Amino acid sequence: MAVTAVHQLAQCITCHAWSADRSMVALCPNNSEVHIYRLVEDKWEKMHVLQKHDQLISGIDWSARSNKIVTASHDRNSYVWNLERSEWVPTLVILRLNRAALCVQWSPKENKFAVGSGAKTVCICYYEQENNWWVSKLIRKRHDSSVTCVSWHPDNILVASTSTDGKCRIFSTFIKGVDAKDPKNESRFGELIVQLDLSPSWTFGVKWSPSGNTLAYVGHNSVIYFVDDVGPSPLAQNVVFRDLPLRDVLFVSEKMVIGVGYDCIPMVFAADERGIWSFIRYLGERKAVSSGSRYGSQFSEAFGKFYGQAKQGGSNDASETSRTRGVVHENCINSIIPLSRQGTQIRRFSTTGLDGKLVMWDLETEQDLLELLVH
């Protein structure tokens, strides 16, 4: 693993997204604006500033096919931005929310996007050609608290959401006239496919694997959850780790996930040939953490961190080793975005965090990392 570039673009970055050709990046510098940068002769130049929201922008996504940017904000609004000549022109999307919009993501076919909110609601937005506007259909009365993240299944119909009520839910978003009928899937809009009650704490950062067969999401209790065969009888696993909670995850292949969060260092999780998931290593380290130091007694470790007590048989320094691993981020990493793919595998990705840094990572081959499973 090598860090290929580190760019200090702001004092704090809340979210970011890349253009299709990865020549430009859009980010929110912890305010109500979107700044678009282009790399010119090894220097990032600010090309555009998108100003329409009144409060903090909490979500950005840049469509690869249509070159549209969608933003969501604490002002309860969402805008779709179109590049006309040299100017980005916003179109307001009526979300009908009474609380902040917290996250947003385009669907795989880019004919819809989902917005999660503090109103316990997921908005599924689509374009009405007849009226020339974006409208939304709401999935209501399903969540008991704020929706922190949304993720589209590759089939463009199912969407997964995480919430501060500790649940991960999967819904159908089939919209007549927008989605093609599938004889294998007769679900109605807003139908709850499955509810996962695996975490006793807030949940974040849900993602689907490239095939859509596996779902991963994280809890505020320093646990990452993996769910296979999503449906009436899902198969669930959880991996408990000793460090601070994660905020976002990314499948770099069908059997490998990168997690980022409050410990300021990306973490690698992988499944072995039996399909058992486990923590592999921290990115930037040459040596994998031994199984004994990885797991130990999570219960006593947590109390050691919380009360400042030493772990049994160790010291306070032992429970804070991740803070001294010497990687580039200095504050919570809040987003991770793919940069380049080889087939279904991601070879490069970027991270941004509350330290205002944009960091680009070049991933080792999957085989090199999977070999750590046997050591």
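Two strands are said to pair if DSSP finds at least two bridges between them. With that in mind, we can go through this structure, which is a predicted model, and begin with a pair of strands that meets this condition. Strand E24, made of residues 267-271, and strand E25 pair in the antiparallel sense, and they do so over five bridges. Within this pairing, Phe269 stands opposite Phe279, a residue of E25.

These two strands belong to an open sheet of four strands, whose order is E22-E23-E24-E25 and whose pairing is antiparallel. At the edges of this sheet stand strand E22 (246-253) and strand E25 (277-282), and because each has a single partner strand, one side of each is left without a neighbour in the sheet. Neighbouring strands of the sheet are turned against each other by 30° on average, if direction is ignored.

From this sheet we can step back to the chain as a whole, which contains three helices and 28 strands. Of the 375 residues in the chain, 54% are buried. Among contacts in the chain with a separation of 6 or more, 47% are accounted for by residues that are 24 or more positions apart. The accessible surface of the chain comes to about 17,300 Å², and carbon and sulfur atoms hold 47% of that surface.

An annotation can be placed beside these values. In an unreviewed entry, UniProt lists residues 50-91 and 140-172 under "repeat: WD". In the model, the span of residues 140-172 is 52% strand and 0% helix, and its end C-alpha atoms lie 13 Å apart.

The second of these listed spans begins at residue 140, and the next residue to consider is Lys141, which lies in the loop between strand E13 (133-139) and strand E14 (147-152). What is the phi of Lys141 near? The phi of Lys141 is near 55°, which is a positive value in a residue other than glycine. As a general background, most residues other than glycine have a negative phi. Lys141 has a relative accessibility of 84%, and since exposed means over 50%, Lys141 counts as exposed.

A second lysine can be described in a similar way. Lys120 lies in the loop between strand E11 (112-117) and strand E12 (122-128), and its phi, near 60°, is again a positive value in a residue other than glycine. Is Lys120 exposed or partly exposed? The relative accessibility of Lys120 is 40%, which falls between the limits of 20% and 50%, and therefore Lys120 counts as partly exposed.

Definitions and conventions: Residues numbered from 1 in each chain as written. Predicted model: local features only at pLDDT ≥ 70, side-chain atom pairs only at ≥ 80, totals over all residues. Heavy atoms only, no water. Buried < 20%, exposed > 50% of the residue type's maximum accessible area, 1.4 Å probe, protein only. Axes fitted to C-alpha atoms, helices over the stretch in contact; angles between N-to-C directions. UniProt positions renumbered as here; feature names shortened; annotations may be inferred. Contact = heavy atoms within 4.5 Å. Areas by Shrake-Rupley, 256 points an atom, 1.4 Å probe, with all protein chains shown as cover.
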